[in-house]
Amino acid sequence: LEFRRVLFRSQILTAAHCVSKGHIVWVVTHRDFSRTEGLITEDTNTTSFVVERIDYEIDLALLSPAVGETIPIHHVLAIAEEAPQQGETVVMMGNPYNLPWSFSQGVVSNSHRTAEGVHVVTIQQDADISPGNNGGALLNHDDQIVGVLLLAHNRAAHLNLSVHTDAIHAFLEN
């Protein structure tokens, strides 16, 4: 079968620095709020995932559900064939300050940036990033993954680097 550049429905791609090899990672797979008699209650389900593969050099990890876990599938995101171009609008998806499914929009400043201390080609973009966004998906206008947030510079506003699309493909194909 030809590799179709899409994760299996139950796998999660994230930054390696957000997880540890061999450990169980708990992921919120369902979160809902309801209002009853003026009270707001939260219904949250978590699922345990294991780190299937990890590459610290390019800072990517692939997670799969632990044995016996079943998860609800909300969205399956494909990996884009190509990286976004300079000037293209992108959207950062993450969990800043533990607020899931948060999005911020930005523009690609450089689609093939190299940086000191980073061992992979990155995409530089300026979407607002907060603590908790690391490992989140960078999406193009077709809702396809074009990058995974690697680094947000804390001394420079809106200077963010994501693992490049080509590195994601290489990681998934190996």
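Val163 counts as buried, at 0% relative accessibility (buried is under 20% relative accessible area, exposed over 50%, partly exposed in between, with a 1.4 Å probe and protein chains only). Its place is in strand E10, residues 160-163. Bear in mind that this is a predicted model, where local features need pLDDT of at least 70, side-chain atom pairs count only at pLDDT 80 or more, and totals for chains, interfaces and linings use all residues. Residues are numbered from 1 along each chain as its sequence is written, and side-chain values use heavy atoms, with hydrogens and water left out.

**Around Val163**

- Setting aside neighbours within four places in sequence, Val163 is in contact with Ile58, Asp59, Leu60, Val121, Val146, Gly147, Val148, Leu150 and Ile168 (contact means heavy atoms within 4.5 Å).
- One of these partners, Ile58, is 105 residues away along the chain, yet the two C-alpha atoms are separated by 7.2 Å.

**The chain as a whole**

- The protein chain has one helix and 10 strands (DSSP runs numbered from the N terminus: helices are H or I with at least four residues, strands are E with at least two).
- Reading from the N terminus, the order is β-β-β-β-β-β-β-β-β-β-α.
- Of the 174 residues in the protein chain, 40% are buried.
- Take the contacts between residues at least 6 apart in sequence: 57% of them join residues at least 24 apart.
- The accessible surface comes to about 10300 Å², and carbon and sulfur atoms account for 50% of that (areas come from the Shrake-Rupley method with a 1.4 Å probe; for residues, only the protein chains shown count as cover).

**Nonpolar cores**

- The largest nonpolar core has 19 residues, and those with the most contacts inside it are Leu13, Leu60, Ile168, Phe171 and Leu172 (such a core is a set of buried Ala, Val, Leu, Ile, Met, Phe, Trp, Tyr and Cys residues joined through side-chain atoms within 4.5 Å).
- At least two residues of this core come from each of strand E4 (60-65), strand E8 (137-139), strand E9 (145-152) and helix H1 (165-173).
- H1 gives the largest share of this core, with four residues.
- There is also a second, separate core of 10 residues, and Ala83, Ile123, Ala127 and Leu138 are among them.
- As background, nonpolar side chains tend to be buried together in soluble globular proteins.

**Rings and charge**

- The charged end of Arg53 sits over the ring of Phe171, 4.5 Å from its centre (the test is NZ of Lys or CZ of Arg within 6 Å of the ring centre and within 35 degrees of the ring normal).
- If you're hunting for aromatic pairs, a search of the whole structure finds zero (rings of Phe, Tyr and Trp, the latter by its six-membered ring, pair if their centres lie within 6.5 Å; planes under 30 degrees apart count as stacked, over 60 as edge-to-face and the rest as tilted).

**Two buried polar side chains**

- Thr14 lies in strand E1, residues 12-14, and is buried at 10% relative accessibility.
- The Thr14 side chain reaches the backbone oxygen of Gly135 at 3.2 Å (a polar contact is a pair of N or O atoms within 3.5 Å; within protein, one must be able to donate a hydrogen and the other to accept it, and residues adjacent in sequence count only if both atoms are side-chain atoms).
- Not counting residues up to four places away in sequence, Thr14 touches Val19, Asp59, Leu60, Ala61, Leu63, Gly135 and Val148.
- Ser104, in strand E6 (residues 102-113), is buried with a relative accessible area of 15%.
- A polar atom of the Ser104 side chain lies 2.6 Å from the backbone oxygen of Asp128.
- With residues up to four places away in sequence not counted, Ser104 touches Val90, Val91, Met92, Ala127 and Asp128.

**Loop residues**

- Asp59 is found in the loop between strand E3 (39-55) and E4, and counts as buried at 9% relative accessibility.
- Asp59 has a positive phi of about 65°, although it is not a glycine.
- Asp143 sits in the loop between E8 and E9 and is exposed, at 52% relative accessibility.
- The phi of Asp143 is near 60°, a positive value in a residue other than glycine.
- Asn98, in the loop between strand E5 (89-94) and E6, counts as exposed at 59% relative accessibility.
- Asn98 and Asn133 are 35 residues apart in sequence and 9.1 Å apart in space, C-alpha to C-alpha.
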